[in-house]
Amino acid sequence: MESISQKDRTILRRVAAQQMELASMPYMQTLTQRWIRHNACEPGLPMIVVEWGTFSQEAITPRLQCEGEIARRVEWRLYANFIGHLAFGDDSFVPDYMPVRYGAWFKPFDIDVVVEHIPGSDNSLGHHFREAITDLSRDFHLLKPSTFGVNRQETASSLALCNDLFGDILPAKLSGAALYSVPTQHLVHIMSMETMLFSLYDYPDEFHRMMQMLANDTLRYFRFLETEGLLLPTTRNEPVGNGTFAFTDVLPSQGPLTARDVWGFMDSQESAGISPQMYGEFIFPYYEQIAQEYGLMSYGCCEAVHSIWDHCLSKLSNLRKLSISPWCDERYMGERLAGSKIVYHRKPSPNYLGVDAQLDAPALKAHIDQTLIAAKGCTIEFTQRDAYTVHGNMEKVREFVRIVRRCCQEQAG
């Protein structure tokens with residue numbers, strides 16, 4: 001392994017101390033209680049988070065001072081723990097430790113996913129998945145039992161490295177995350193979207209068999225995580241997916257744990273182009289089998305959920321957060337979720353933050369006010385996603401957060 005220079009060690013310790021200083025602020029305790037009440041759907045102002053991963057080259061990379069490759073990766077991970085609070089002033093929580101997660105993995109149908117990128121690109125935008133399945137009936141024999149496992153050595157090495165570098169300042173510890181299951185995304189990684197959608201019509205029986213195989217394998221994977229002791233609590237700032245966090249007092253805060261003791265996440269963006277009836281016949285039965293394993297769950301990403309709410313998603317008794325994307329009928333879902341124990345997890349259009357170099361404040365305010373009116377009576381959460389550039393202007397992101405927060409305060413009176 002590449003050694004880390006004394007200069008880089010000094011830099012890492014300084015950044016770790018910066019994180020611990022932020023984490024030790026009394027405000028973080030207040031923020032914890034706000035998140036817990038919010039995720040319990042108790043009255044309060046909406047939570048606001050900016051998901052910066054798509055523009056990390058502007059938010060984090062310019063801050064890096066380490067020279068060694070490994071040191072720069074660790075420095076990046078440190079900044080990832082507090083950049084939202086530091087740079088944007090959103091409702092991101094800063095932990096008083098360095099999270100390290102188990103290197104568990106799940107390989108659907110034991111098929112290698114091959115991704116093709118444009119030569120010379122940074123791999124962050126356009127890409128293509130090379131199809132392993134081109135005709136579901138002819139190629140069905142290629143669908144083997146899924147494989148899974150964990151790289152304990154890699155996990156232990158990461159834990160030891162961080163504690164060696166700055167454990168006396170900011171301890172590294174194992175940390176959990178929501179169980180993440182996205183079956184239709186797995187399908188388009190091994191077959192084209194066109195093949196997946198035509199298979200619904202051409203080979204309905206094979207499609208059902210394929211989905212049941214994937215659901216069964218996912219549940220086997222969950223049992224593996226349980227028996228191996230790989231499930232850790234998701235009750236504080238652990239990620240749930242889609243830019244939100246697990247804060248709750250209704251799930252266990254210590255183990256041993258089962259899948260029903262943690263948060264889970266699911267979406268099916270790839271089925272957005274089929275009818276609600278086809279979703280209900282070919283997709284939802286298998287999603288429901290997985291979803292019922294979770295303690296609490298969050299559903300949805302960019303797909304519009306209003307057309308599948310009444311006869312599908314509303315059946316999920318453990319659903320706690322529902323993604324309301326820019327393509328969703330806001331008012332329809334606002335009427336459905338008002339007064340419920342389900343968070344109206346709004347994803348504003350990324351155009352306001354990501355397209356123009358300067359923020360169009362009046363247009364953003366109108367956009368947010370529209371949501372607040374449509375979702376009156378709901379527990380609202382804003383997560384800004386999918387801005388691939390902010391033109392290097394972190395102040396624009398901070399202004400975005402201020403405007404959204406001010407709109408929420410005005411609506412609350």
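**Two pockets and the first helix**

The largest pocket has a volume of about 1,000 Å³ in this model, which is predicted. Of the 33 residues that line the largest pocket, W52, A80, R101, P239 and F245 are the closest to its centre. Looking at the secondary structure around this space, the elements that give two or more residues to the lining are β1 (47-50), α4, α5 and β2 (98-100), and the largest share, 3 residues, comes from α4. Sorted by class, the lining of the largest pocket is made of 17 nonpolar, 11 polar and 5 charged residues.

The second largest pocket has a volume of about 520 Å³. Its lining comprises 22 residues, and those that lie nearest the centre are A104, A178, L179, Y180 and Y221. Here the elements that give two or more residues are β3 (104-107), β8 (179-181) and α10 (204-227), with α10 providing the largest share, 4 residues. The class composition of this second lining is 15 nonpolar, 6 polar and 1 charged residues.

From the pockets we can turn to helix α1, which runs over residues 6-23, has 18 residues and reaches 26 Å from its first C-alpha to its last, close to the 26 Å expected at 1.5 Å a residue. Which residues of α1 are buried? They are D8, I11, L12, V15, A16, Q19, L22 and A23, and because they cover an arc of only 135° around the axis, they lie on the same side of α1. The general background to such a pattern is that an α-helix has 3.6 residues a turn, so residues three or four places apart point the same way. On the other side of α1, by contrast, Q6 and E21 are exposed. What covers the buried residues of α1 includes α2 (26-39), α4 (69-80), α5 (83-88) and α7 (152-166); of these, α4 and α5 are also among the elements that give two or more residues to the lining of the largest pocket.

Helix α2, one of the elements that cover the buried residues of α1, contains Y27. Is Y27 buried, partly exposed or exposed? Y27 is partly exposed, because its relative accessible area is 34%, and the range for that class lies between the limits of 20% and 50%. Leaving aside residues up to four places away in sequence, Y27 touches H85 and D91. As for its relation to α1, Y27 is 11 residues apart in sequence from A16, while the two are 19 Å apart in space, C-alpha to C-alpha.

Technical notes
Residues are numbered from 1 along each chain as its sequence is written. This is a predicted model: local features need pLDDT of at least 70, side-chain atom pairs count only at pLDDT 80 or more; totals for chains, interfaces and linings use all residues. Side-chain values use heavy atoms; hydrogens and water are left out. The expected span of a helix is 1.5 Å times one less than its number of residues. Buried means under 20% relative accessible area, exposed over 50%, partly exposed in between (1.4 Å probe, protein chains only). The arc is that of the directions from the helix axis to the C-beta atoms. Contact means heavy atoms within 4.5 Å. On a 1 Å grid over the protein atoms alone, a cavity is a set of points where a 1.4 Å probe fits but cannot get out, and a pocket is an open set with protein on both sides within 12 Å along at least five of seven lines; lining residues have an atom within 4 Å of a point. Grid points are joined across faces, edges and corners, and a volume is the space filled by probe spheres set on the points. Ala, Val, Leu, Ile, Met, Phe, Trp, Tyr, Cys and Pro count as nonpolar, Asp, Glu, Lys and Arg as charged, and the others, Gly among them, as polar.
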